[in-house]
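Subject: Structure handover

Hello,

Here is the structure for you to look over. Please open it before reading on.

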Amino acid sequence: MLALVTGASSGFGYHICKKLINQGYNVIGIARRTEKLETIKHELGTNFLPITLDISESYEKTLDKLLSLPTKFSLKEIDIVVNNAGLALGLEPAYKADIHDWYQMLDTNIKGLISITRIVLPYMEEKRDGIIINMGSIAGSYAYPGANVYGATKAFVEQFSLNLRADLAGKGVRVSNIEPGLCGNTEFSLVRFRGDLTQVKKLYDRTNPILPEDIANVVLWIASQPKHININRIELMPTSQSFNHLQVTHN
Ligand SMILES: NC(=O)c1ccc[n+]([C@@H]2O[C@H](COP(=O)([O-])OP(=O)(O)OC[C@H]3O[C@@H](n4cnc5c(N)ncnc54)[C@H](OP(=O)(O)O)[C@@H]3O)[C@@H](O)[C@H]2O)c1
């Protein structure tokens, strides 16, 4: 059994790789930071293949890299893809946000995700088997101040997942979208707040958030369903998180 996991160098991705390997999978782990991937390889062993790749770069570059994998990890053997790599940059209102942050989120969360998907799908379609698991977010369904482009990228991921299901009807290939709320113990908020630990600590203070291990369990649960079951979407939040009222402003 072979899985490909993007964003393997930290957070959800690392824990997903670890759990899949414990379940007997070989895992291709993709991320930009070689050093982090090498440390994980040291821990997880020879069933983990670290690939340094920036998925926001061109489709051709990603394809080249993935076509040259060793036989044990070759594209045609992939059973599960976890499109997990992604990021939020900033929490400023749209009129103050950095356009380059917006482009980076689009290039990673959307362009990178569709490149990987487009590369692996024909192999899955041919063998009439495989699961694509995309990492969405509750930000794709619910608006909040400062989520502007990040939330919109996750709305794309949700709709792309559902549309893939439509294209893959009768092909034996499954697609799921996981939509988590607040999760801690990852680098997500550190990246969003550009390394400002005070802001990160304030956000998570006494929240008891979802943990990356919890997300890895959800991935494994999806993957362990019988072949006639497709989990379309899973939305999960920590118990401490709920819905805000709609804002009304007073002029
Ligand atoms: N944490 C949350 O509260 C939360 C909630 C809902 C959804 N999510 C989603 O869950 C996913 C994982 O988040 P996380 O919380 O685990 O955050 P994280 O710890 O920051 O992990 C993000 C991963 O993505 C990789 N990555 C980022 N840009 C990349 C690129 N261009 N090419 C390849 N890899 C790239 C990072 O590795 P490198 O830096 O080494 O490239 C890292 O391994 C994201 O899609 C995020 O939007 C998170």
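Below is what turned up, starting with the ligand and ending with the backbone.

Note that this is a predicted model.

**The ligand site**

The ligand has 28 residues around it. Ser10, Arg32, Asp54, Tyr150 and Thr186 are the closest. By class, the shell splits into eleven nonpolar, twelve polar and five charged residues. Two helices each give the shell at least two residues: H1 (11-22) and H5 (148-167).

Three polar contacts are worth a look on screen. The side chain of Ser10 places an N or O atom 2.7 Å from an oxygen atom of the ligand. Ile55 uses its backbone instead: an N or O atom there is 3.0 Å from a ligand nitrogen. Cys183 also contributes a polar backbone atom, which sits 3.0 Å from an oxygen atom of the ligand. How much of the ligand's own accessible area does the protein cover? The figure is 96% of 880 Å².

**Salt bridges**

How many salt bridges does a search of the whole structure find? The count is 13. Three of them are described here, followed by a network.

Start with Lys18 and Glu43. Their closest N and O atoms are 3.6 Å apart. Lys18 belongs to helix H1 and Glu43 to helix H2 (residues 34-44), so this salt bridge ties together parts 25 residues apart in sequence. Lys18 is partly exposed, at 29% relative accessible area. Glu43 is partly exposed too, at 44%.

Next, Asp101 and Arg194. Here the closest N and O atoms are 2.1 Å apart. The pair links distant parts of the chain, 93 residues apart. Asp101 is in helix H4, while Arg194 is in the loop between helix H6 (188-192) and helix H7 (197-204). Is each partner buried or partly exposed? Asp101 has a relative accessibility of 10%, so it counts as buried. Arg194 has 49%, so it counts as partly exposed.

Then Glu158 and Arg233. The closest N and O atoms of this salt bridge are 3.6 Å apart. Glu158 lies in helix H5 and Arg233 in strand E7 (residues 233-236), so the pair joins parts that are 75 residues apart in sequence. Glu158 is buried, with a relative accessible area of 13%. Arg233 is partly exposed, at 37%.

Finally, the network. Arg33, Lys36 and Glu187 are joined into one network by salt bridges that share partners.

**A surface patch**

Which residues form a nonpolar patch on the surface? They are Ile99, Tyr103 and Leu106. Together they have about 270 Å² of accessible area. Tyr103 is part of helix H4, which spans residues 99-127. The relative accessible area of Tyr103 is 45%, so this residue counts as partly exposed.

**Backbone and loops**

Two residues stand out for phi. Most residues other than glycine have a negative phi.

Arg128 is not a glycine, yet its phi is positive, at about 55°. Arg128 sits in the loop between H4 and strand E5 (131-135). With 45% relative accessibility, Arg128 counts as partly exposed.

Arg206 is the other case. Its phi is near 55°, again a positive value in a residue other than glycine. Arg206 is found in the loop between H7 and helix H8 (212-223). Arg206 is exposed, with a relative accessible area of 78%.

One more loop residue goes with Arg206. Ala169 is in the loop between H5 and strand E6 (174-180). Ala169 is exposed, at 55% relative accessible area. How many Å separate the C-alpha atoms of Ala169 and Arg206? The separation is 44 Å, for residues 37 apart along the chain.

**Where to start**

I would open the ligand site, beginning with the side chain of Ser10 and its 2.7 Å contact. Then turn to the buried Asp101 and its salt bridge with Arg194. Arg128 and Arg206 can follow, for their positive phi values.

Best wishes

Notes:
Residues are numbered from 1 along each chain as its sequence is written. This is a predicted model: local features need pLDDT of at least 70, side-chain atom pairs count only at pLDDT 80 or more; totals for chains, interfaces and linings use all residues. Side-chain values use heavy atoms; hydrogens and water are left out. A residue is near a molecule or strand if one of its heavy atoms lies within 4 Å of it. A polar contact is a pair of N or O atoms within 3.5 Å; within protein, one must be able to donate a hydrogen and the other to accept it, and residues adjacent in sequence count only if both atoms are side-chain atoms. Accessible areas come from the Shrake-Rupley method with a 1.4 Å probe; for residues, only the protein chains shown count as cover. Helices (H or I, at least four residues) and strands (E, at least two) are DSSP runs, numbered from the N terminus. Ala, Val, Leu, Ile, Met, Phe, Trp, Tyr, Cys and Pro count as nonpolar, Asp, Glu, Lys and Arg as charged, and the others, Gly among them, as polar. Patches are made of residues with over 30% relative accessible area and no salt bridge: like charges are joined within 9 Å, nonpolar side chains (Val, Leu, Ile, Met, Phe, Trp, Tyr) within 5 Å. A salt bridge is a side-chain nitrogen of Lys or Arg within 4 Å of a carboxyl oxygen of Asp or Glu. Buried means under 20% relative accessible area, exposed over 50%, partly exposed in between (1.4 Å probe, protein chains only).
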